[in-house]
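Here is a short report for a first look. Keep the sequence and the 3D view at hand while reading.

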Amino acid sequence: MDRSEQPIALYEKIKKSVVKDIESGKLNPDDKVLSETRLAKKFNASRMTANRALKELTEEGRIVRVQGVGTFVARPKPDAALLEIKSISKEIQDWGGVHSSEILVLKKEKITASIAQKMNLKINDIIFHSLIVHKDRGIPVQYSERFINPKVAPEYRNQDFKKITPSDYLLKKSPIQQAEHIIEAVNCNKQIQKLLKIKSSEPCISLKRRTWSFDMVATYSIIISPGSRYKLVGKFMRG
């Protein structure tokens, strides 16, 4: 083997040895891992090579290094990818805008077959339906259509959504257990183009969202924004 390849082979060998000890149960969560010096001596490697191995294991979440204390096996952390659900009024406020809204629909109605399927309900069950256009300083930035299961928010239809957004109300009334998002680039139909005051050539962002509360589908939403006026930012947290 070429000498220039030895550091790569050695740091991988060190990594595999530590991982093997963890996966076999020889090392358990919070157990101390050998120091750089001891690993270098054990594998006849330089401290730089041992450091690289530990650094990569740290980045992979296998170990935790505490300065001045030592290196330890990391506790297992479940992966979770969550797109943060935030009120549009708060988003507009955060970017320095002024929120207002136009309420076009706020009523009780019988659910259609397509919406019933998405909400795990029966055709002709009663749901709440709202359609609101959110604006920043009078300029439309979001078309928001929601279907709400009355069991999770029985007073939804009686709210003043010029004072509070549906998201704010629902997050307080029915804490979210689970959320599903489908994001697409779309061309809006003429009705939505008119409501958002955009040209037919304007690309839009479509977010279809289902939320669960109290072990049932709580809401199904269709949220559409002009691509030139709005962007979706995903916030992800690990563990």
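## A patch on the surface

In which strand is the place of Val-66? Val-66 sits in strand S2, which covers residues 63–66. The model shown is predicted.

Val-66 is partly exposed. Its relative accessible area is 37%, and buried would require under 20%. Val-66 also helps to make a nonpolar surface patch, together with Val-64 and Val-69. That patch measures about 210 Å².

## The largest nonpolar core

In soluble globular proteins, nonpolar side chains tend to be buried together. Here, the largest nonpolar core has 19 residues. Ile-115, Met-119 and Ile-224 touch the most other members. Several elements each supply at least two residues of this core. The helices are H5 (113–119) and H7 (190–196). The strands are S5 (126–136), S6 (139–148), S8 (204–213) and S9 (216–226). S9 gives the most, with four residues.

Take Ile-115 as an example. Leaving aside neighbours within four places in sequence, Ile-115 is in contact with Ile-127, Phe-147 and Tyr-220.

## A second core

A separate core has 17 residues. Among them are Ile-14, Leu-27, Val-33 and Leu-57.

## Cysteines

How many disulfides does the count come to? The count is zero. A disulfide would need a pair of cysteine sulfur atoms within 2.5 Å.

Is Cys-204 buried or exposed? Cys-204 is buried, because its relative accessible area is 2% and the cut-off for buried is under 20%. Cys-188 also counts as buried, at 9% relative accessibility.

Key. Residues numbered from 1 in each chain as written. Predicted model: local features only at pLDDT ≥ 70, side-chain atom pairs only at ≥ 80, totals over all residues. Heavy atoms only, no water. Patch = residues over 30% accessible without salt bridge, like charges linked within 9 Å, V, L, I, M, F, W, Y side chains within 5 Å. Areas by Shrake-Rupley, 256 points an atom, 1.4 Å probe, with all protein chains shown as cover. Salt bridge = Lys/Arg side-chain N within 4 Å of Asp/Glu carboxyl O. Buried < 20%, exposed > 50% of the residue type's maximum accessible area, 1.4 Å probe, protein only. Core = buried A, V, L, I, M, F, W, Y, C linked by side-chain atoms within 4.5 Å. Contact = heavy atoms within 4.5 Å.
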